[in-house]
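Hi everyone, thanks for coming. Please have a look at the picture on the screen while I talk you through it.

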Amino acid sequence: ERVQELYNLDLSQHKAWERVRDVFVVGCLTGQRVSDYKRINKDMIVKLSDGNEYIKLKQEKTGKTVFIPLDYRVADILNKYDGTLPKLFDQKINDYIKNVGEMLGWIETVRFEEQRGSEEHTVEHRFCDMIKTHTARRSFATNMYRVGASLGSIMAITGHSSEEQLRIYLKLTDEEKAIAARKEMFLR
């Protein structure tokens, strides 16, 4: 819901924030690293044998080619910028996307455990202050998992090389982890 809320937000009075939001939404809907989602363009769109459009992307870090189903919102954003996303510095994305999150009212306090040396500390931050470029990739993986996509299907898009590596990305509640564990126990 938050990705849709972000996509729908009228930022016409804040053009810099609008460009950042658009690039970030592309990241949330493609599951790529920021270095890859920032360079997605219309020339990467291909039609596969199933008749649907995909983004064919060779990942910079791994050299792996992935095919990402083309979401209508990504297509709309690409069309908005004549097929090429605005060029943005990662730090500007990190700075402005927090402002956009605050504008949306995403200010609830998030608590989590953080390891500092051998000690664990409870840390609290506003949700909007925790959003950054890498959040898009994590959000994609978590959202896909929550709607029932297999880890293999998610990996085919994100390019992760192992399920163990992908699981680190999933931001699930303890309840969601317990339910997933139960399903896995009874599938074996």
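Let's begin with Arg2 and Phe127: the charged end of Arg2 sits over the ring of Phe127, 4.3 Å from the ring's centre. Please keep in mind that this is a predicted model, and every value I give you is computed from it.

Now let's stay with aromatic rings. A pair of aromatic rings is described by two things, the distance of the centres and the angle of the planes. How many aromatic pairs does the count come to? The count comes to 2 aromatic pairs.

In one of them, Tyr7 and Tyr72 meet edge-to-face, with 6.3 Å from centre to centre and 85° between the planes. This pair links distant parts of the chain: Tyr7 belongs to helix H1, residues 2–8, while Tyr72 belongs to helix H4, residues 72–80, and the two are 65 residues apart.

Phe127, which we met under Arg2's charged end, forms an aromatic pair with Trp106. That pair is edge-to-face as well, at 6.0 Å centre to centre with 75° between the planes. Where are these two residues? Trp106 is in the loop between helix H5 (90–103) and strand E4 (109–116), and Phe127 is in the loop between strand E5 (119–126) and helix H6 (133–146). They are 21 residues apart, and their pair also links distant parts of the chain.

Is Trp106 buried or exposed? Trp106 counts as buried because its relative accessible area is 6%, under the 20% cut-off. Phe127, with 25%, is partly exposed.

Next, find Glu18 in helix H2, which covers residues 15–30. With a relative accessible area of 10%, Glu18 is buried. Which side chain does the side chain of Glu18 make a polar contact with? The partner is the side chain of Lys80, at 2.8 Å. Leaving aside neighbours within four places in sequence, Glu18 is in contact with Leu11, Ser12, Lys80 and Tyr81.

Let's step back to the whole protein. You can look for 9 helices and 5 strands, and along the sequence they follow the pattern α-α-α-β-β-β-α-α-β-β-α-α-α-α. The radius of gyration is 17 Å, close to the 16 Å that the globule rule gives for 188 residues, so the protein is as compact as a globular protein of that length. Buried residues make up 40% of the 188. Finally, the protein exposes about 11200 Å², and carbon and sulfur atoms supply 50% of that area.

Thanks for listening!

Terms used
Residues are numbered from 1 along each chain as its sequence is written. This is a predicted model: local features need pLDDT of at least 70, side-chain atom pairs count only at pLDDT 80 or more; totals for chains, interfaces and linings use all residues. Side-chain values use heavy atoms; hydrogens and water are left out. Rings of Phe, Tyr and Trp (its six-membered ring) pair if their centres lie within 6.5 Å; planes under 30 degrees apart count as stacked, over 60 as edge-to-face and the rest as tilted. Helices (H or I, at least four residues) and strands (E, at least two) are DSSP runs, numbered from the N terminus. Buried means under 20% relative accessible area, exposed over 50%, partly exposed in between (1.4 Å probe, protein chains only). A charge sits over a ring if NZ of Lys or CZ of Arg is within 6 Å of the ring centre and within 35 degrees of the ring normal. The radius of gyration is taken over C-alpha atoms; the globule rule is 2.2 Å times the number of residues to the power 0.38. Accessible areas come from the Shrake-Rupley method with a 1.4 Å probe; for residues, only the protein chains shown count as cover. A polar contact is a pair of N or O atoms within 3.5 Å; within protein, one must be able to donate a hydrogen and the other to accept it, and residues adjacent in sequence count only if both atoms are side-chain atoms. Contact means heavy atoms within 4.5 Å.
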